[in-house]
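Welcome! Here is a short tour of one protein chain, arranged by topic so that you can follow along in the viewer.

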Amino acid sequence: MNDQTYVYDFSEGNAEMKALLGGKGAGLAEMTRIGIPVPDGFTVTTAACVETMRAGGTWPADLWAQIEARLDALEARTGRTLGAAERPLLVSVRSGSVFSMPGMMDTILNLGISDDAAAGLADETGNPRFAWDSYRRFLQMYGEVVEGVPSHAFEDELTALKGRRGATADTDLSVEDLQELVATFRQVARTHGADLPTDPREQLRRAVGAVFDSWDNPRARVYRGLNNISDDLGTAVNIQQMVFGNRGDRSATGVAFTRNPSTGVKELYGEFLVNAQGEDVVAGIRTPRPLAELEAVLPEAYGQFLATMDRLESHYGDMQDIEFTIEEGRLFLLQTRNGKRTAAAALKVARDLVEDGVIDRATALRRVEPAQLDQLLHPGLDPAHGATPVTRGLNASPGAAVGQIVFDADTAAERGKNGDAVVLVRWETTPDDIHGLVVAQGVLTAHGGMTSHAAVVARGMGKPCVAGAGEIVIDTRAKTLTIGDLVLAENDVVTLDGSTGAVYAGPLELVPPQITDDFREVLGWADDVRRLGVRANADTGPDAVKARELGAEGIGLCRTEHMFMATDRLPVVQQMILATTAADRQAALDKLLPMQQADFEEIFEAMTGLPVTIRLIDPPLHEFLPDFTEQSLLVQRLEAAGSPDLPAARDLLAHIKRLREFNPMLGTRGVRLSLLYPEICVMQTRAIIRAGLAVAARGLDPHVEIMVPLVGFAEELHRMRSVIVTTADEEVAAAEVALDYSVGTMIELPRAALTADKIAEHADFFSFGTNDLTQTAVGISRDDAEGSFLAAYLEAGIVPANPFASIDADGVAELVRIGVEKGRSVKPGLKTGVCGEHGGDPASIAILDALGLDYVSCSPYRVPLARLAAARTTL
Ligand code: ADP
Ligand code: MG
Ligand code: MG
């Protein structure tokens with residue numbers, strides 16, 4: 001026997017008990033505690049669900065007894081009896097997990113209703129229409145959720161009846177119609193082999209079981225997979241007295257946010273429906289009305305509503321997403337939670353709440369997810385594009401999307417996976433469409449409001465969405481959409497502007513993102529608290545300018561070979577590689593020098609006053625030559641044709657052959673290459689130093705850092721350094737202005753990390769190249785792994801994360817730790833940084849900050865994210 005408590009009354013819980021009561025249960029308890037009107041009820045804990053799952057579906061022994069005891073007490077408190085003919089108690093049975101999973105699990109309303117109870121309710125309220133409306137709703141939900149009757153079976157009957165009566169809305173049906181519908185629904189259930197138990201307590205028991213089971217339904221699993229929510233948490237079940245938004249014209253149901261979740265602006269945001277229940281608002285059964293109209297329709301409830309929203313927001317100190325019902329003019333809250341929001345809204349809400357003194361800056365920084373900032377750094381439509389929209393819908397989730405139309409989620413998922421840009425066009429989306437939404441560029445729906453499924457999910461994913469574009473007629477069979485005379489077929493391109501709700505035929509051009517004041521302000525707070533520096537990886541002047549705009553404090557990695565690849569330079573680079581005499585090689589290098597110098601000047605100018613780390617040539621030389629197989633084929637062709645070009649082609653082939661390596665990534669590259677061909681590195685050093693001198697002569701302040709890649713032995717750096725210093729000092733001595741520079745090395749081989757004390761003797765700084773370090777330490781090729789076994793490893797949980805995306809904490813990060821420690825053991829102030837994908841990954845940033853590195857360096861568009869992540873690790 002165990003004496004664990006599996007059930008808590010709302011009046012016993014609070015917001016802190018989320019793990020046990022689920023988000024919804026904890027919210028209901030907290031609202032009850034602070035005196036906000038919530039229908040009475042109790043919560044079955046997540047622990048009960050977890051134990052049931054572990055036991056293969058068998059409930060803990062005394063769970064049912066505990067539920068019945070709570071139900072007895074609820075009956076006593078309300079003076080009602082579940083399912084009784086007189087004063088019947090009706091309840092909802094609502095799932096509620098720890099993390100919100102909108103629409104992912106199942107809810108049953110009006111449980112306890114029966115022929116007798118419906119009659120009793122009709123008498124009691126003098127409103128038979130409402131009683132029978134509640135009854136038919138119950139039969140449908142119970143049939144679907146508990147008995148597994150397909151939902152269309154009920155929907156079809158409802159539609160058919162409305163057709164026969166010429167009714168457009170559910171509310172046009174009469175009492176007799178609804179009674180007929182109840183009889184039909186019972187028949188539908190029977191046809192599908194469902195038997196409705198007559199005992200209402202038995203109905204409750206089965207409903208609770210069905211909610212437990214819903215934790216494992218496929219769409220819930222997909223959602224958890226996408227959001228990294230553990231399958232082991234289980235769901236709580238809330239059993240709550242019903243309040244009725246479907247009692248007539250003084251009743252309503254609705255959903256609202258305390259601020260606009262797209263923009264963060266404090267304004268009315270939400271929708272309601274008069275004489276409706278439950279999911280009617282989000283399910284798009286009738287078109288909901290904007291909240292602003294509530295004042296005119298139900299003035300007294302509107303006043304309560306505004307006051308309650310304020311109360312909740314100041315109590316939770318955050319924007320709330322609420323569900324409410326008004327019964328005969330009285331407001332009840334049915335749910336509250338922190339509202340999902342776009343990145344722009346997250347920044348604005350955080351900033352406004354700080355300015356209003358509701359939260360402090362540290363809390364504000366905790367509220368904005370670094371990864372979310374990515375949304376703001378995506379392109380939007382050029383404000384001056386001048387195109388005319390073909391139709392408009394609601395601006396449900398901001399940002400612009402260009403893609404080919406697809407009409408179903410499966411096709412979207414397949415095409416999206418292949419890298420095609422698609423826009424998912426649906427009448428309305430449902431949780432079953434998730435896999436298509438994930439990969440689509442954007443979503444367009446013909447139906448549904450700002451709180452419809454498509455809108456909520458798109459905002460959560462940071463995807464553009466235009467919802468409820470009512471002029472669109474979709475023919476899923478013919479795969480066309482029609483707007484007036486315009487017919488668009490599958491694969492035609494459309495552009496959505498989720499910020500305005502406009503839809504355009506054909507592709508429109510996108511422009512770079514605009515940085516807002518909120519962005520600047522909140523990121524400024526991040527800069528005030530972070531310890532870790534943030535630099536950018538940038539190879540060109542424009543990239544450097546962008547990086548600085550986004551807050552980079554220098555360049556951590558400038559890859560010089562990217563400059564070699566430019567079409568006008570590649571021939572000169574090849575000439576250098578193919579040279580057979582020192583004089584020929586020098587001639588080619590002399591041509592390259594001014595080109596490189598010009599590039600560096602641009603970068604130093606953009607980064608004046610900030611450090612710029614320039615890495616000397618790294619890739620193996622064969623990367624600059626044609627592919628071996630292609631060149632062999634060319635030689636064959638020329639041979640066959642007896643072409644005069646044959647000798648040159650053969651010569652090139654011989655060169656390619658000589659430079660070929662089985663493992664080029666572990667071959668003649670980095671410092672190895674530079675030691676074999678020091679003249680390349682001499683040229684690069686001259687170009688760097690001359691660029692620095694030229695920029696300094698213009699009165700700017702270049703901070704030059706020259707970096708040697710792929711060092712494994714201290715002696716390599718020792719020799720390389722002397723080449724660099726000799727060359728650089730020659731240049732500086734010949735100049736009229738002064739220039740400081742430093743020479744450092746990448747640490748990207750395990751041997752370098754382990755012998756960092758020896759290497760540090762010749763280095764002014766270290767930059768950990770964690771991409772190569774991961775390759776060489778873990779022994780996984782970055783270019784080959786992702787498609788192959790690593791994907792299987794991740795799936796099977798053999799490794800927790802892709803080590804190229806998030807630094808391997810136990811292995812690679814340990815090498816970094818050793819490298820920093822050994823390096824600083826000989827040079828206490830040795831500057832250390834990380835350049836590599838990890839520099840822009842929040843989880844890696846937390847680890848690297850703890851290792852005491854001076855900075856991380858990442859691509860320019862990830863700089864804001866890194867600034868915020870670095871700040872959050874200090875909170
Ligand atoms: P979900 O998690 O999908 O939002 P809920 O459990 O919140 O499901 O239920 C959906 C809707 O059903 C609620 O928003 C509310 O309108 C309605 N509902 C739930 N419980 C009650 C109740 N006790 N009285 C009236 N309406 C309810
Ligand atoms: Mg639901
Ligand atoms: Mg809800």
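A residue is near a molecule if its C-beta atom, placed from the backbone, lies within 6 Å of it. Keep that in mind for ligand 1, where S92, R94, T107, G278 and E323 come nearest among the 17 residues around it. What you are looking at is a predicted model. The tour starts with the whole chain and then visits the ligand, the annotated positions, two helices and two loops.

**The whole chain**

- The chain has 875 residues, and 50% of them count as buried.
- Its secondary structure comes to 35 helices and 33 strands.
- Along the principal axes, the C-alpha trace spans about 105 × 65 × 50 Å.
- Take the contacts between residues at least 6 apart in sequence: 68% of these join residues at least 24 apart.
- There are the following domains: domain 1 (48-241), domain 2 (252-338), domain 3 (387-511) and domain 4, which is written in two stretches, 530-620 and 661-872.
- The centres of domain 2 and domain 4, taken over C-alpha atoms, are separated by 54 Å.

**Around ligand 1**

- Which elements give two or more residues to the shell around ligand 1? They are β5 (91-97), β6 (107-111), β7 (235-241), β11 (320-327) and β12 (330-338).
- The shell draws on two domains, with at least three residues from each of domain 1 and domain 2.
- By residue type, the shell around ligand 1 divides into 5 nonpolar, 9 polar and 3 charged residues.

**Positions annotated "active site"**

- In an unreviewed entry, UniProt places the feature "active site" at H453 and C835. These positions are spread over 383 residues of sequence, and in space they are up to 40.3 Å apart between C-alpha atoms.
- H453 is found in helix α17 (residues 453-461). Is H453 buried or exposed? H453 counts as buried because it has 25 C-beta neighbours inside 10 Å, and the cut-off for buried is 20 or more.
- C835 lies in strand β32 (residues 831-835). With 28 other C-beta atoms within 10 Å, C835 is buried too.
- Leaving out residues up to four places away in sequence, C835 touches N537, G556, L557, S767, G769 and S857.

**Positions annotated "binding site"**

- The unreviewed UniProt entry also carries the annotation "binding site", which covers R559, R615, E748, G769, T770, N771 and D772. One of these, G769, is also among the residues that C835 touches.
- N771 lies in helix α30 (residues 770-778), and D772 lies in helix α30 as well.
- Why do N771 and D772 fall into separate burial classes? N771 has 17 other C-beta atoms within 10 Å, so it is partly exposed, while D772 has 22 C-beta neighbours inside 10 Å and therefore counts as buried.
- Apart from neighbours within four places in sequence, N771 is in contact with R782, F804, G836 and E837.

**Two helices to find**

- Helix α5 (residues 128-145) has 18 residues. From its first C-alpha to its last, α5 reaches 26 Å, close to the 26 Å expected at 1.5 Å a residue.
- How many residues of α5 are buried? The count is 17 of its 18 residues, so α5 is mostly covered.
- Helix α4 (residues 115-125) holds D123. D123 is partly exposed, because 14 other C-beta atoms lie within 10 Å.
- Try locating D123 and R867 together: they are 744 residues apart in sequence and 64 Å apart in space, C-alpha to C-alpha.

**Two loop residues with positive phi**

- K479 is a residue other than glycine with a positive phi, near 55 degrees. You will find K479 in the loop between β20 (473-475) and β21 (480-483). K479 is partly exposed, with 17 other C-beta atoms within 10 Å.
- N491 is not a glycine either, yet its phi is positive, at about 80 degrees. The place of N491 is in the loop between β22 (486-489) and β23 (493-497). With 13 C-beta neighbours inside 10 Å, N491 counts as partly exposed.

Key. Residues are numbered from 1 along each chain as its sequence is written. Chains are lettered from A and ligands numbered from 1 in the order in which they are written. This is a predicted model: local features need pLDDT of at least 70, side-chain atom pairs count only at pLDDT 80 or more; totals for chains, interfaces and linings use all residues. Helices (H or I, at least four residues) and strands (E, at least two) are DSSP runs, numbered from the N terminus. The expected span of a helix is 1.5 Å times one less than its number of residues. A residue is buried if 20 or more other C-beta atoms lie within 10 Å of its own, exposed if 12 or fewer, and partly exposed in between; C-beta atoms are placed from the backbone. Ala, Val, Leu, Ile, Met, Phe, Trp, Tyr, Cys and Pro count as nonpolar, Asp, Glu, Lys and Arg as charged, and the others, Gly among them, as polar. Domain bounds come from an automatic or database domain assignment. UniProt positions are given in the numbering used here, feature names are shortened, and annotations may be inferred rather than shown by experiment. Two residues are in contact if their C-beta atoms, placed from the backbone, lie within 7 Å.
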